[in-house]
Amino acid sequence: MNAPALALHGTAHIAGRLVFGPLSLNAPAGCWTCLLGPSGVGKSTILRLFAGLGDGIAFDGALSGAGQVALMAQDDLLLPWLSVLDNVTLGARLRGQAVDGGAALQVLERVGLADRAGDRPGDLSGGQRQRVALARTLTEDRPVVLLDEPFSALDARTRAQMQDLTVELLTGRTVLLVTHDPAEAARLGHVLFILTEDGLQEVPPPDGPIPRPVGDAAVLAAQARLLTHLGAVPVAGAGTRGAAPRAPRDIFPKKEPGAGLPRGRR
Ligand SMILES: Nc1ncnc2c1ncn2[C@@H]1O[C@H](COP(=O)(O)OP(=O)(O)OP(=O)(O)O)[C@@H](O)[C@H]1O
């Protein structure tokens, strides 16, 4: 699949208030780019802009790669009066395309919910509903996939399984993943960004293909770097009153830009 790179350069306001910017974000073609950051800094707003759902967002700037996009929003957006299977195939029906029920059932099988295909969303748990929304996104077959905390409602084992499945089924796609989970980002990201009120910071990813092993030392180290930069753990040596905080350049190991990208994309 010929997936495009994504790029956003500009400033966004909602209801007259600055959400982010000026900001430059580049997500390489065919790679997973992970976006982390505190609540309210504009991560979902960025996904909405790429998805063409920018109503109410005053965006001054340029976007590229924002066509042929599948978005999995934070809310599962399942229609309560449709069956699970009909929710998975909803996109094709809304676009007036032929519905491939067999393919949708296969994806439901892979997310462990084939036996619930005829149920209504209201009969499912939160984690099951999230897996239906994931199945719908994976069935869309788009070159660009935007995922807004897609695994947040899942238990640890199911989360790892769904991460593996999503990487497998989205091979070759350009993926932009918003997550609050540094472990997830360290496992899945070819490119890692942290967005804060001060702007966008790129953090070196671990080497190696994705999904990376959870317990791998380099993955754990990247997770720790992300946690530190997010301010979730104290920086070593900064516990004494008056001690100067370490600058990000001291926290991150020196690495060539793009070191985590698949071969041929550096
Ligand atoms: N419909 C809206 N009307 C007014 N303000 C909004 C609207 N949608 C978003 N905002 C504001 O825009 C800012 C960015 O919201 P956004 O949802 O993009 O943040 P986020 O980084 O994704 O947060 P979270 O991690 O909590 O999902 C927030 O301050 C939010 O209050």
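**Close-ups of a predicted model**

**View 1. Strands 1 and 2, side by side.** In this predicted model, strand 1 (residues 6-14) and strand 2 run antiparallel to each other, held in register by eight bridges. To pick out one of these pairings, look for Ala-12, whose bridge partner in strand 2 is Phe-20.

**View 2. The open sheet around that pair.** Here we see three strands in the order 2-1-4, paired in the antiparallel sense. Strand 2 (17-27) and strand 4 (57-64) each have a single partner strand, so they sit at the edges with one side lacking a neighbour in the sheet. Neighbouring strands are turned by 5° against each other on average, direction ignored.

**View 3. Helix 1 over the strands.** Helix 1 (residues 43-50) lies across strand 1, strand 2 and strand 4. With strand 4, the helix makes an angle of about 60°.

**View 4. Who surrounds the ligand?** The shell is made up of Ile-14, Ala-15, Val-19, Ser-39, Gly-40, Val-41, Gly-42, Lys-43, Ser-44, Thr-45 and Gly-56. Helix 1 turns up again here: with three residues, it gives the most to this shell. By type, six of the shell residues are polar, four nonpolar and one charged.

**View 5. Where the two domains touch.** Domain 1 takes in 1-68 + 143-235 + 244-260, while domain 2 covers 79-141. Their centres, taken over C-alpha atoms, are 26 Å apart. Ten residues from domain 1 and nine residues from domain 2 make the contact. On the domain 1 side, helix 6 (residues 156-169) supplies the largest share, five residues. That side of domain 1 divides into seven nonpolar, two polar and one charged.

Terms used
Residues numbered from 1 in each chain as written. Predicted model: local features only at pLDDT ≥ 70, side-chain atom pairs only at ≥ 80, totals over all residues. Pairing = 2+ DSSP bridges. Helix = DSSP H or I, 4+ residues; strand = E, 2+ residues; numbered from the N terminus. Axes fitted to C-alpha atoms, helices over the stretch in contact; angles between N-to-C directions. Contact = placed C-beta atoms within 7 Å. Near = placed C-beta within 6 Å. Nonpolar A, V, L, I, M, F, W, Y, C, P; charged D, E, K, R; others polar. Domains from an automatic or database assignment.
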